[in-house]
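User: I would like to learn how to read the features of a protein model one at a time. Could you take me through the general idea first and then the case at hand?

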Amino acid sequence: MKKIAYILTAALAFGTLVTSCDDMLEEKNYGNQTTADMMSNEQNVVLLVGQIYADLKYTHDHWGYWGLQTITADEGICVPRNSGADWNDGGYWMKQNTHEWNHRGDAIENVWNITISNAVLCNKIINTLQTYKENMSEDVYKAYLGEAEVLRCYYFYQLFDCFGRIPYTEKFEEVTGALLEPEEVWSNLVAVLERNAPNMSVVNDGTRAALYGRTTQGFAYALLARLYINAESYGCTPDNIFKTVEKPEAFSGSFYDNCIRCCDNVIKSGAYAIESNYFANFKIKNENSRENIFVIVEDGREEGERSTTGAHTCMNKLRIAHNTMHYGVQFAYDMPLDTWNGFCARPEFLELYKGNDVRGVGYEKDGTHNKKEWGWFVGPVYKKGSNDYYIDTKQIDDDHPSGTPTVIVSDIKNIKNASNMEGARLNKWELDKSGDGIYKYEENDFPIMRYADVLWMKEEAIMRGGAGTSEMGSADFQKLLARSFAYDKGAETFKAEYGDPASWTLKDILDERGREFTWEMVRRRDLIRFGEFGNIQYVRDCPNASARAEIRKWFPIPFSVLQKSLRDENGNPIWTQTPGYENL
Amino acid sequence: MKKVLAFIAAALLGLSAELQSYAQNGYKIQAIVVDDLGPIAGAGVLEKGTSNGTATDLDGAFALTVSSADAQIEISFVGYATLTFKASEVPAEIKLAEDNLYLEDAVVIGYGSQKKKEVTGSVASVKAEDFNSGVKSNPMGLLQGKVAGLNIIRTTSDPTETGYNIQIRGFSTLDKGAGTSPLFIVDGVPVSNIDNISPNEIASMDVLKDGSAAAIYGTRGTNGVIIITTKRGENFTDVAQTRVEYAGYASASVRNGNLGMATPEEFVKLGELSNGMVTPGILRDADGNYQLTDWVGELTRDVAFTHSHDVAISGSSSKFNYRASISHKNAQGIAKVTNRKETIAKISASQKALSDKLELQYDLSYMQYRNDKFCGSFKDAALMNPTYPVYDKSTASGYYLPIRATNPVENMNNRESYGEGNFFRGSVKATLTLLKGLRLSAFGALEDGDNYGYWANKTINTDVSGSGKAGRNTDLNRNRLFETTLDYNTSFNGHSIAAVAGFSYQNFMYDGSSMENKGFSTEGVKYYQIGNGDAEGTFRRLSSYRNSNTLAAFFGRVNYNYMEKYMLSASLRREGSSRFGANHKWGYFPAVSAGWRISGEDFMEDVTAVNDLKLRLGFGVTGNNLNSDLMSVAMLSNGGTFWYNGKYVNTYTVSQNVNPDLRWEKKYEYNLGLDYALLDNRLYGSLDVYYRQTRDLLWDYEVPTPPYQYPTLLANAGQMDSFGVELSLSAVPVKTKDFTWVTTPTISFNRNYITKLSDPALGFNYKQTTVGGVGEDGMMSTNTQILIEGESVGSFYGYKFLTIEDGTWYFGTPAGGVVTSEGAVESYRQVIGNAQPLFTFGWNNSLRYKNFDLALFFRGVYGNDVLNLTRWAYGPMATIQSNIFMKDINGADTVLANKGVFSDYYLEDGSYIKLDNLTLGYTFKIKDNSYVDHLRLYFTGQNLFTLTKYSGQDPEVNTTDVRSAGIDYCDFYPTVATFMLGVNISFK
C-alpha cells in the first residue's frame with residue numbers, strides 16, 4: 001500500500017510539474033502584432049492610422065452609399081431586364097426607383113453598418129494616438145489626430161445625410177444613449193470641422209502628392225461649405241443649432257455667409273484649379289487632376305478585395321462602369337470582369353442636357369461617340385476590333401430568335417421590364433480598354449469633392465442671400481463653362497444653350513449641378529435642398545412619390561440596427577425608428 | 001487451386017506458411033459438435049496452448065490426437081460460447097450454446113474498455129463484420145445508418161472529397177466559433193482526420209453518444225466521440241502463429257438520379273410543353289439548325305472504375321505480436337479527370353518484457369494520396385442552353401463562348417488542379433504493471449500531415465482574370481499528444497472496481513503558405529517555376545500563416561459494479577485550452593451514470609422470456625472548444641491598403657470585436673437507456689431517451705455600434721434544448737441450420753429548440769437572426785431560415801403559399817389574410833417548414849442460406865423539408881436562354897418562377913428511403929489443413945434506388961449545418977450507383 005502511495009504521489013507530482021503554470025496554454029501569436037507593438041515605432045504609426053481610409057472604398061458601391069444616393073435621385077435608375085432575370089433582386093431596385101423602400105433594404109443596412117463602423121474606427125485610432133502620444137513627435141501626433149477627426153466627420157456626414165438621427169459619438173467604446181437629432185449632429189460636425197480646419201495640412205505643389213487621397217484643409221472647408229449650404233434641408237435653424245456643443249468662433253451670420261467663407265478659404269488657398277477638360281477628373285490616371293479635392297484612391301487590381309457579409313455584398317472596389325455598361329462591352333475590350341448592364345439614366349434626366357454638351361449624350365446626333373468623349377453612352381456596341389454589332393443572345397424576340405444586335409437607346413419604355421438595350425450608360429469614367437487584365441476593377445480614383453462643387457456652392461450661396469463676391473468672372477469659372485462645350489465654341493455656346501449664368505435663377509443652378517456632378521453622390525441632397533425631391537417631374541413612373549417625399553428625405557433606420565439597440569429599464573429599444581417609417 | 005493460392009501467398013509475401021504438426025503418439029479424442037438445430041460444421045477444436053487443432057466436418061464430427069489425456073480442449077464457433085474440456089472428459093456429443101449477444105464483448109469507452117453488459121453510458125459498438133460493404137471514401141461510410149442517433153450524410157460522390165457530414169443526436173451548438181464535428185479517437189489518439197485509415201484495417205468503432213460517456217473527453221465531448229480501434233496482431237499465444245489476408249474489390253459506377261432539368265429534346269419543345277408560356281432561346285445557325293448538347297454528359301465519364309487492394313500479415317507469439325498491412329485504392333469519380341489514389345501502410349506491434357510486467361505497443365502508419373480535381377462546374381453545365389454547341393472554330397480557344405457564362409467544357413479542359421499529400425502517425429505506449437491490478441502507462445503520439453495543392457489555368461482560357469495563372473500551396477498539420485494514466489482494477493466478494501486517472505497534453509500546429517503568378521513564357525511552366533512568371537508583381541501573390549493551440553487536462557474515472565447487477569460510473573475532467581480568455585481557460589466536466597441489470601436479479605430467474613434486461617441512467621457535462629485561434633485577444637491583421645506617398649501600403653487593424661470573456665460552451669445531458677434481449681435472444685437491442693441542454697452558446701451576437709466597432713461579437717449567451725429517442729432492435733424471425741434471417745431496424749427521433757438567443761444583461765438584445773442565405777442569378781440574395789427563440793434550428797422562414805390564379809401568386813399572412821407578391825411585406829414572413837426530419841432510420845437485413853449470405857440495407861429520413869433552390873432560381877421564365885428546371889412545366893398549368901418571393905411553394909418533402917447497399921456473398925467451404933483458411937466472394941450494389949417525392953437529383957442533402965440545413969444548393973456532383981465485386985481470402 002505504501003508503494004501505491006509513492007507511485008500516486010510521483011504521478012501526481014509529474015502531472016503538476018508539466019502544468020505547474022498556465023504558460024503552455026498561452027496563445028502563441030506567430031507574427032501577429034498588437035497595437036502596442038505597432039505604436040512603439042513612429043514609422044509604423046501611419047500603418048495603423050491608414051486603416052481609417054481603407055474602408056472608405058465601400059462608399060461608391062451600388063450596394064452602398066453611392067447606390068442609395070444615385071437611384072433615389074433622378075440621375076439614375078436600375079431597371080429589371082430579361083423579364084426580371086437580371087437586376088430584379090427580389091424587387092429591391094424597383095422599390096428604390098419608385099420611392100417605396102422599406103427598412104430591410106440591403107444597401108440601407110450596408111450604409112449604416114459600414115459608415116458607423118468606420119466612424120467608430122476613427123474614434124479608436126484617435127484613442128490609440130492619445131494613448132501612445134509619447135511615442136511620436138507633437139507634429140506627427142497633431143497631424144494624424146486632425147486627419148482622423150475630419151475623416152470621422154465625413155463618415156458621420158454620410159450616415160447623417162442618409163438617416164438624420166444617428167448615434168453620434170467622439171469617444172471610443174462609449175455607450176451612447178438615444179439617437180441625436182439632425183440639428184445636434186449637424187452642430188457637432190460643424191464644430192469639429194471648424195476646430196480642425198485651420199490646422200489641417202494645406203495642399204500645394206510640394207505636398208500635393210503626399211496628401212493625395214487624404215483629408216486636408218481644403219476638404220475640411222469644402223465639407224463645411226456643404227454642411228452650411230444644406231443646413232436648412234437638414235432641419236437646422238439659427239435657433240436650434242449649437243445647443244449641446246459650443247458655437248465655433250468662426251461661425252457668424254447666416255448659413256450662406258458661412259458657406260461663402262468656407263468656399264473662399266478653399267479658393268484663396270490657390271491649391272485647386274478647374275481642369276480645362278471635364279474628363280481629366282475621371283481618367284484612369286486622374287491623380288494629376290488639380291480639381292479633385294478629395295478622392296478615394298482606387299486599387300483596380302484583384303488584390304485586396306473585401307466584401308461585406310450579408311445578403312448582398314458591398315465591395316471595396318470601384319465598379320460603377322462595370323455596373324452600367326452592356327454585357328458586350330466586356331468582350332469588346334477583353335475586360336477581366338464581366339459588365340452587368342445595370343444602372344442607367346432616367347430618360348427625363350437627359351433632357352437637362354442641351355446641344356453638344358460633352359457631359360451629355362453624344363451619339364444620337366453625329367454617331368461619333370467613340371471618337372470623342374461624351375458623358376453618356378448610347379449607340380451600338382461592337383464586337384472586339386470590328387464594326388459588327390455585338391449580338392446580345394439574351395435579348396430575343398420573334399424577329400431575333402437567336403439574339404439582337406446591341407444598340408443602346410436612351411428611352412426606357414417600361415421601367416418594370418426593360419430591354420437590355422434601354423437606358424443611357426454613364427461613360428464619364430474612362431474604361432480600361434487595354435485588355436491587359438491587370439485591372440480587374442476600375443482604377444480611376446473616385447472624387448468625393450471637386451473644386452467645381454466649391455465654385456457652384458459659392459454662387460448658389462450668394463444667390464440665396466449670402467454675402468460674397470461672385471467668381472463668375474474668374475478664369476476657373478469660365479473654364480467650367482467652356483469645357484462643357486469643348487466640341488463647339490466653349491463658353492459662348494454654353495451661354496447660348498443655357499443662358500448666361502449671371503442671370504440664372506436658383507433652378508438653373510440645380511439643373512447645372514445635375515449635369516456637372518452626375519452620379520457623384522450630391523444629386524439627392526441637391527433635390528432635397530431645392531425642394532424637388534420626390535417631385536414627379538423628376539421621378540416619372542412614381543406617381544405617389546410626391547406624397548411620400550417628406551418622409552423619404554431620410555432613409556429608415558435598418559430593422560436590424562433597431563433590434564440590437566440597447567434597451568431602457570422597461571426593455572424598450574432606446575434607438576427608435578424615423579417618424580413615418582414605423583409601419584413600412 | 002490450393003497450390004496456386006499457396007504460391008500466390010509465397011510470392012506475395014516471401015514466406016511459406018509452414019505449420020508444425022504435433023500429435024503422433026498422443027491421446028485420441030473424437031466427438032460430434034451440435035447446437036439446438038443439429039450438427040455444426042466448421043467449429044474449431046484446439047488443444048489449448050498449442051496450434052494442434054482441427055475443425056468439424058459437415059456432420060459436425062471431428063477426431064484429434066492430443067498430447068495427453070489431461071490436455072485442455074477448446075471447442076469454439078463464431079457466435080457461440082466457447083467450451084473447454086479435459087481431453088479425457090470430452091463427451092460424445094458436445095452441445096454449444098449461443099453466447100449471449102456479445103455481452104462479454106469489450107466496448108471501448110475511452111481510456112479503457114468495459115464488457116458490454118457493464119456499460120452504463122449510451123455507447124454503440126460496431127464490429128468489423130457489421131460494417132457497410134462497398135466503396136467508402138473514409139471510415140465513416142462504414143457506419144452510415146448503423147447507429148441510431150448518428151447521422152452521417154454524404155452529399156457528393158466525388159472521391160476526392162473524402163468527408164462526410166456527421167452529427168450525433170442533432171444540433172447541440174450553433175456552429176459559430178464552436179466546433180461541430182465529433183471527436184475522433186484513433187487507437188487512443190484524438191485526431192482531426194480519419195482519411196488515412198483503410199476500412200479493412202478497422203476492428204471496431206465505438207460511438208460515445210451521451211454526455212455521461214463523452215464527458216471523459218471534456219471540452220471536445222459535446223458533439224460525441226467516435227473511437228476507432230484498428231486491427232492488431234492476435235492476442236499473445238504460446239505458439240507462434242502467422243496469418244496472411246487479402247481483401248480486394250473492383251467496382252464500376254454509373255450515373256443515376258434525375259437532375260430535373262429539361263433534356264435537350266424537352267428544351268426545344270418548351271413552347272408546346274408549357275402551352276406557350278415559355279419561349280426558349282434556341283440558337284440557330286445560318287441554316288436554322290441547332291445543337292442538342294447534353295452539357296452534363298460532356299463532363300462525365302460513362303463508367304467510373306475503382307479498385308482497391310489490402311494485404312495484411314499478422315502473427316503472434318508469447319511475447320510479441322504484430323500486424324503489417326498495405327492498402328492501395330484507385331478511385332475514379334464520375335466526373336472526368338476526378339481521381340483519387342491512396343496508399344496506406346501500417347504496422348502495429350506489441351512486445352512484452354520484464355517478466356511480462358512491461359508491455360510496449362507501437363503503431364506506425366503512413367499514407368500517400370493524390371487527388372485529381374474536377375475543374376468544371378456541373379451547375380454551369382446543367383444550366384447551359386442545350387442548343388449551344390460545345391465548339392466554335394471561329395474563337396481563339398476553339399470553344400463556343402456563351403454570353404455572361406463560361407463554356408463548362410472549356411472550363412474543365414483548360415484548367416487543372418490536383419492535390420497530393422502524405423500523412424504520418426506514430427505512437428508508442430508503455431504499460432508497466434506495478435502491482436496486481438495496478439498499471440502505469442505513458443503514451444506519446446505524433447501526427448504529421450502535409451498537403452500540397454497545385455493548379456494552373458491555360459492562357460487561352462476566356463476567363464481573363466484567371467487565365468494563365470498558376471499557383472501552389474502547402475499546408476502542414478501537426479498534432480502532438482502526451483498522456484500518462486494510472487489504472488487500477490480489482491474485485492472482491494462480488495465487488496468490482498476499475499479506476500483510471502491521468503493527465504493529457506495535446507498541441508496542434510497549423511502552418512502553410514501559398515503562392516501564385518501568371519505571365520509564364522509557355523503553358524508548360526505551370527506551378528513548377530512560379531518565380532519565372534510575372535516579375536513586376538502585379539499578379540504575384542504570396543502568403544503564409546502559422547497558428548497553434550494547446551489543450552491540457554487532468555481526468556479520472558471510477559467504474560464500480562456489484563455482481564454485474566448494480567453498476568456505477570463517475571468521471572471528472574478538468575481541461576484547459578489556450579483558445580479562451582485568461583479568466584476562462586479551465587473548465588470542469590463531470591459525469592455520473594448508473595446501471596441496473598434487472599435480469600440478474602433472483603426474481604427474474606423464472607421469467608424465461610427475458611434473457612437480458614438492463615436499465616441505464618446517466619448525466620454528464622461536456623464542453624465545446626472554439627474552432628479557431630486568437631479569438632479572445634486583440635491581434636492586428638491586414639486592414640486593407642492605404643495610399644501613402646505615392647504607393648499602396650498595407651495597414652493593420654484589429655478585425656473583430658475582441659471578447660476577453662470567451663469561455664466554454666457547456667452541454668448538460670441526461671440519458672435513460674434500456675438494453676434488452678428477449679424470447680431466447682430472438683429479439684434484442686436497446687432504447688435510449690435523452691434530454692440535452694447547451695448553455696453559454698457561442699454565437700456572433702449582434703451588438704450595437706457604437707460602442708462596438710463591428711456589428712457582431714463572438715460571445716457566450718444562448719441556450720439550446722433538445723431531446724430524442726433512439727431505438728435499435730434486432731429480430732431473428734428465421735433461424736434454421738441452413739437459413740437465418742436477422743433484421744435490424746434502427747430509428748431515432750430528435751427535436752431541438754433554441755430556448756435563448758439573447759442576454760439583455762450582456763447587451764445582446766437580438767432574439768432572432770436569419771440564416772440560410774441563397775443567391776442565384778436574377779434573384780435577391782435571401783435568407784431562407786431563421787434562428788429564433790422558441791423555434792428549432794433549420795426552420796424555413798418565408799411566405800406561406802396559397803394559390804396561383806391567372807399568373808398571380810397569393811400568400812397567406814400570419815393573421816389569416818391574403819396578399820399578392822407586391823403586398824408581401826417583411827412582417828408576413830413566418831416559419832414555413834423545417835429541415836430536420838421527424839425521424840431517421842436504417843434497416844439492415846442479413847440473410848444466410850448455407851454458404852450464401854445476403855445483406856440488404858435501407859436507410860432514410862421522414863418528415864423533413866428540402867428547399868429546392870434550382871427549382872426556385874431556375875424555374876420557368878417567360879423567355880429563357882439558360883436551361884430550366886422542369887417540375888413546374890405542365891402544359892396549361894405551367895407555373896412561372898417567382899424569384900422575388902421565398903415561399904413554401906419551393907419547399908418539398910425530403911423524405912426518402914434508399915437501398916443503400918445490397919451484398920450477396922458466397923463463402924467457400926475450405927478443407928481443414930489447407931493453406932487457405934477463408935475464402936469469400938461477394939457482389940455489392942450501392943445506392944441502387946431511392947424512393948422519394950423530391951423532384952431534384954437527390955433528397956439526401958446536408959441537414960447538419962446550422963446555417964444551411966436542408967438547402968439543396970445548385971452546385972452538385974452527379975450521384976452514382978456502384979456495382980462491385982470483391983474477394984476476401986486468408987492464409988494460415
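Analyst: Let us begin with the place where the two chains meet, bearing in mind throughout that this is a predicted model. Chain B and chain A bury about 7600 Å² between them, and 60% of that area is on carbon and sulfur atoms. Counted by residues, 86 residues of chain B are in contact with 89 residues of chain A.

User: How many salt bridges does the rule find across the interface of chain B and chain A?

Analyst: The general idea is that side chains of opposite charge can pair when their charged atoms come close. Across this interface the rule finds one salt bridge, and it joins B:Glu702 to A:Lys564, whose closest N and O atoms are 3.6 Å apart. That distance can be accepted because the rule asks for a nitrogen of Lys or Arg within 4 Å of a carboxyl oxygen of Asp or Glu. Polar contacts are tallied separately, and across the interface there are 13 residue pairs of this kind, both residues being at pLDDT 80 or more.

User: Which strand gives the most to the side of chain B that touches chain A, and how does that side divide by class?

Analyst: Strand S28 of chain B, residues 541-562, gives the most, with eight residues. By class, the side of chain B that touches chain A has 44 nonpolar, 29 polar and 13 charged residues.

User: How many salt bridges does a search of the whole structure find, and why might a pair such as A:Asp74 and A:Arg523 be worth reading closely?

Analyst: Over all chains the search finds 80 salt bridges. In one of them the side chains of A:Asp74 and A:Arg523 meet at 2.8 Å, N to O. A:Asp74 lies in the loop between helix H5 and helix H6 of chain A, whereas A:Arg523 is in helix H19 of chain A, so the pair ties together parts that are 449 residues apart in sequence.

User: What is the count of cavities of 30 Å³ or more, and which residues lie nearest the centre of the largest cavity?

Analyst: A cavity is a space that a probe fits into but cannot get out of, and by this rule there are 14 of 30 Å³ or more. The largest cavity holds about 560 Å³ of space and is lined by 30 residues, with B:Arg154, B:Thr156, B:Ser157, B:Gln942 and B:Val976 nearest its centre. Strand S21 of chain B gives the most to this lining, with three residues, and by class the lining has seven nonpolar, 14 polar and nine charged residues.

How values were computed:
Residues numbered from 1 in each chain as written. Chains lettered and ligands numbered in written order. Predicted model: local features only at pLDDT ≥ 70, side-chain atom pairs only at ≥ 80, totals over all residues. Heavy atoms only, no water. Contact = heavy atoms within 4.5 Å. Buried area = accessible area lost by both parts, 1.4 Å probe. Polar contact = N/O pair within 3.5 Å; in protein donor to acceptor, adjacent residues only side chain to side chain. Helix = DSSP H or I, 4+ residues; strand = E, 2+ residues; numbered from the N terminus. Nonpolar A, V, L, I, M, F, W, Y, C, P; charged D, E, K, R; others polar. 1 Å grid on protein atoms, 1.4 Å probe; cavity = no way out; pocket = protein on both sides within 12 Å on 5 of 7 lines; lining within 4 Å. Points joined across faces, edges and corners; volume = space filled by probe spheres on them.
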